[in-house]
Amino acid sequence: MYRLDHTLNAVSHPARRAMLARLAEGSARVTEIAAPFEMSLNAVSKHLKVLEAAGLIEREKRGRDHILALRAGPLRQVSAWVHEYERFWTERLDRLEAHFRQKRKENP
């Protein structure tokens, strides 16, 4: 659960989700990740460190450049955790559907 907490915290911010979406397209330099955001490079760097601490990205130094790549493995834990609740919601929605079917039969 500890790792799941870190992953959920990391993806809770829209800027970090946008950064992950960008990295899903392929590796990129930090400056490329920062370009679309109206925030300082320092702020972007802090967001990237949160993603890195959660194991969602990996960093490789090439000379002066830091190249980032997506590591989607931790997102599998999130998917598995959410999937556990799928049965709960399916059952609830099935009951709701049955309720409305019954109401339509009673009031044609």
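## Helices across a small sheet

Helix α2 (residues 14-24) lies across β1, β2 and β3 and runs at about 90° to β3. In this text, helices (H or I, at least four residues) and strands (E, at least two) are DSSP runs, numbered from the N terminus. This is a predicted model, in which local features need pLDDT of at least 70, side-chain atom pairs count only at pLDDT 80 or more, and totals for chains, interfaces and linings use all residues. Residues are numbered from 1 along each chain as its sequence is written, and side-chain values use heavy atoms, with hydrogens and water left out.

A second helix, α4, also lies across strands of the sheet. Here are the two side by side; axes are lines fitted to C-alpha atoms, for helices over the stretch in contact, and angles run from 0 to 180 degrees between N-to-C directions.

| Helix | Lies across | Angle |
|---|---|---|
| α2 (residues 14-24) | β1, β2 and β3 | about 90° to β3 |
| α4 (residues 41-53) | β2 and β3 | about 115° to β2 |

The sheet itself is open, with three strands in the order β1-β3-β2 and antiparallel pairing (two strands pair if DSSP finds at least two bridges between them). β1 (28-29) and β2 (57-62) are at the edges with a single partner strand each, so one side of each has no neighbour in the sheet. Six antiparallel bridges join β2 to β3 (residues 65-70), and Lys61 has His66 of β3 as its bridge partner.

Now to Ile57, which sits in strand β2. Ile57 is buried at 3% relative accessible area (buried means under 20%, with a 1.4 Å probe and protein chains only). Beyond residues up to four places away in sequence, Ile57 touches Leu20, Leu23, Leu48, Leu51, Glu52, Leu68, Ala69 and Arg71, where contact means heavy atoms within 4.5 Å. Leu20 is 37 residues from Ile57 along the chain, with 8.1 Å between their C-alpha atoms.

Definitions and conventions:
Buried means under 20% relative accessible area, exposed over 50%, partly exposed in between (1.4 Å probe, protein chains only).
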